[in-house]
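Colleague: I have a model open on my screen and a list of labels I would like to understand. Could you take me through the reasoning behind them?

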Amino acid sequence: MHRGGMNATKQNTEAEARLLVVDDEPNIRELLSTSLRFAGFEVVSAGTGNEALKLAEETDPDLLVLDVMLPDMDGFTVTRRLRTAERHIPVVFLTARDDTSDKITGLTVGGDDYVTKPFSLEEVVARIRAVLRRTRGEQDEDNAVVVVGDLELDDDTHEVRRAGVLIELSPTEFKLLRYLMLNANRVLSKAQILDHVWEYDFGGDTGIVESYISYLRRKVDTAPPTVSEEDKHKWQPMIQTKRGVGYMLRTPAE
């Protein structure tokens, strides 16, 4: 019976999450789908960008595993269209080459992580679970509102404001900022940030930390155009790099 039969369908009622796997190579798509089902996920799959957008609307997945190279539109375009339609589904990109520009583009359009082909299935599962944990907002701390200087983060509303101005952050940016704020004025290593924000249980790529810190700086340390000239002085840089050590969110001087 299709997709493992009736017994498998019943077992999937308690699936860990619903995933949409998008890859134009049938062998990879089927291998990923089968392996992810075995790992405890409910899986639907697509071979094109248009089919992915249609299934994302119909099945409301918890996460997309999305190949960058698709026959009709690339994975970045799929993600942009989802974000434009206000569908903020977490995305893990599959990229065929270890290309920094691909990784940066993927994060810029709203992706949450990436895996480079060839990949291990264990790595894909680990990264999917890490993204799901952070985007679902599972937290160890009880603080609903975290305040550092004029920067305020609210877990309940998932909003961040600086000097009263709302700052739009992706789920991963939100969790990274939260971790920095909870450890304000303390230097955090890239390894610590990977462990707490990405929650990898294997050697993760510290380059992703550098990329996200860069994006966060643009949003937190740079006054948006809506801020008046007289108020721009309030936006002192808060995110600091300690060369060879890590990063720190410093409380701005009065």
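Colleague: Let me start with Lys 219: is it buried, exposed or partly exposed, and what makes you call it that?

Modeller: Happy to help, and please keep in mind that this is a predicted model. Lys 219 has a relative accessible area of 30%. Buried means under 20% and exposed means over 50%, so with its 30% Lys 219 is partly exposed.

Colleague: Where does Lys 219 sit, and which residues does it touch?

Modeller: Lys 219 belongs to helix H9. Not counting residues up to four places away in sequence, it touches Ile 167, Glu 168, Leu 169, Ser 170, Glu 173 and Trp 235. Take Glu 173: it is 46 residues from Lys 219 along the chain, and the two C-alpha atoms are separated by 9.9 Å.

Colleague: How do helix H7 and helix H9 pack, and what makes H7 roughly perpendicular to H9?

Modeller: Helix H7 (residues 171–182) and helix H9 (residues 207–220) pack at an angle of about 85°, and their axes are 10 Å apart. Angles of 65 to 115 degrees count as roughly perpendicular, so H7 is roughly perpendicular to H9.

Colleague: Which residues meet there, and how do they divide into nonpolar, polar and charged?

Modeller: From H7 come Thr 172, Glu 173, Leu 176, Leu 177 and Leu 180, and they meet Tyr 212, Ile 213, Tyr 215, Leu 216, Lys 219 and Val 220 of H9. The residues of this contact divide into eight nonpolar, one polar and two charged.

Colleague: What does the largest nonpolar core look like in terms of residues?

Modeller: The largest nonpolar core has 51 residues, and those with the most contacts inside it are Leu 151, Leu 177, Ile 193 and Leu 249. Leaving aside neighbours within four places in sequence, Leu 249 is in contact with residues including Val 148, Leu 151, Leu 177 and Met 238. There is also a second, separate core of 18 residues, which includes Ala 17, Val 92, Leu 94 and Phe 119.

Colleague: What about Asp 67: why is it called buried, and what does UniProt place there?

Modeller: Its relative accessible area is 2%. The cut-off for buried is under 20%, so Asp 67 is buried. The unreviewed UniProt entry places the feature "modified residue: 4-aspartylphosphate" at Asp 67. This residue lies in strand E3 (residues 63–67). Beyond its neighbours within four places in sequence, Asp 67 is in contact with Val 22, Asp 23, Asp 24, Gly 75, Leu 94 and Lys 117.

Colleague: Lys 117 again caught my eye. What is the peptide bond from Lys 117 to Pro 118, cis or trans?

Modeller: That bond is cis, with omega near -5°. Pro 118 lies in the loop between strand E5 (113–116) and helix H6 (121–135). For context, most peptide bonds are trans.

Colleague: And His 158: what is its phi, and why does it count as partly exposed?

Modeller: Phi of His 158 is near 60°, a positive value in a residue other than glycine. The residue is in the loop between strand E7 (151–154) and strand E8 (159–162). Its relative accessibility is 39%; buried would be under 20% and exposed over 50%, so His 158 counts as partly exposed. Asp 60 also has a positive phi, near 50°, and is found in the loop between helix H3 (49–59) and E3.

Methods: Residues numbered from 1 in each chain as written. Predicted model: local features only at pLDDT ≥ 70, side-chain atom pairs only at ≥ 80, totals over all residues. Heavy atoms only, no water. Core = buried A, V, L, I, M, F, W, Y, C linked by side-chain atoms within 4.5 Å. Buried < 20%, exposed > 50% of the residue type's maximum accessible area, 1.4 Å probe, protein only. Contact = heavy atoms within 4.5 Å. Axes fitted to C-alpha atoms, helices over the stretch in contact; angles between N-to-C directions. Helix = DSSP H or I, 4+ residues; strand = E, 2+ residues; numbered from the N terminus. Parallel < 35°, antiparallel > 145°, perpendicular 65-115°, else oblique. Nonpolar A, V, L, I, M, F, W, Y, C, P; charged D, E, K, R; others polar. UniProt positions renumbered as here; feature names shortened; annotations may be inferred.
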